Amino acid sequence: MGHSGETPQPDLNHEELPKGGFGSVALIELSPLVSTTTGVLVLFVGKRLNRELKALRNYSIPEPVSGGLLVAILLTLLYLLGGARAQFQPEFA
C-alpha cells in the first residue's frame with residue numbers, strides 16, 4: 001500500500017559511512033583479541049576510578065560500569081569531534 005514512511009538505514013558494511021560530527025566518519029575496527037584486551041583495560045580503569053572517587057564507592061557502582069561509562073563518553077566525544085567510530089568484534093572466528 002505505498003510508502004511505509006520509514007527512513008532507510010545506512011549499510012555500515014559499505015565503504016561510505018554517514019557523516020557525523022564535523023566531517024566524514026572513519027571506521028576503527030578492533031579484532032576480537034583487541035576487543036577482549038580493551039575490555040580488561042576498561043575493568044582496571046573502573047577499579048581505579050572507584051578507588052579514587054568516593055561517590056562511586058558510596059553508591060556501590062560496579063567497576064565495569066564506571067569504566068564502561070568513561071569509555072562510552074570518550075568514544076562519543078571521539079565521534080562528535082573527530083568523526084571516528086569504533087566497531088568491536090566480540091566473537092572469535
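This passage describes helix α3 and its surroundings in a predicted model.

Helix α3 covers residues 63-82. It has 20 residues, which should span 28 Å at 1.5 Å a residue. The C-alpha atoms at its ends are 28 Å apart, so the expected and computed spans agree. Before α3 comes a loop, which links it to α2 (54-58). After α3 comes Gly 83.

Two residues of α3 were examined for burial. Gly 67 is part of this helix. Its relative accessible area is 0%, and it therefore counts as buried, since the cut-off for burial is under 20%. Gly 67 is in contact with Val 42, Gly 46 and Leu 49, when neighbours within four places in sequence are left aside. Leu 49 lies 18 residues from Gly 67 along the chain. The C-alpha atoms of these two residues are separated by 7.3 Å.

Ser 66 also belongs to α3. This serine is buried, with a relative accessible area of 6%. Residues up to four places away in sequence aside, Ser 66 touches Gly 46, Leu 49, Asn 50, Leu 56 and Ile 61. Polar atoms take part in two of its pairings. The side chains of Ser 66 and Asn 50 are joined by a polar contact of 2.8 Å. A polar atom of the Ser 66 side chain also lies 3.5 Å from the backbone oxygen of Gly 46. Gly 46 thus appears among the contacts of Ser 66 and among those of Gly 67. Leu 49 likewise touches Ser 66 and is in contact with Gly 67.

A nonpolar patch lies on the surface. Its area is about 710 Å². Its members are Val 45, Leu 69, Leu 70, Ile 73, Leu 74, Leu 77, Leu 80 and Leu 81. Helix α3 gives the most to this patch, with 7 residues. Val 45 comes from helix α1, which covers residues 32-52. With a relative accessible area of 35%, Val 45 is partly exposed, because that class lies between the 20% and 50% cut-offs.

Positive phi values occur on either side of α3. Ser 60 sits in the loop between α2 and α3. Its phi is positive, about 55°, although Ser 60 is not a glycine. Ser 60 has 60% relative accessibility and so counts as exposed. Gly 83, which follows α3, has a positive phi near 75°.

Note on methods. Residues numbered from 1 in each chain as written. Predicted model: local features only at pLDDT ≥ 70, side-chain atom pairs only at ≥ 80, totals over all residues. Heavy atoms only, no water. Helix = DSSP H or I, 4+ residues; strand = E, 2+ residues; numbered from the N terminus. Buried < 20%, exposed > 50% of the residue type's maximum accessible area, 1.4 Å probe, protein only. Contact = heavy atoms within 4.5 Å. Patch = residues over 30% accessible without salt bridge, like charges linked within 9 Å, V, L, I, M, F, W, Y side chains within 5 Å. Areas by Shrake-Rupley, 256 points an atom, 1.4 Å probe, with all protein chains shown as cover. Salt bridge = Lys/Arg side-chain N within 4 Å of Asp/Glu carboxyl O. Expected span 1.5 Å × (residues − 1). Polar contact = N/O pair within 3.5 Å; in protein donor to acceptor, adjacent residues only side chain to side chain.
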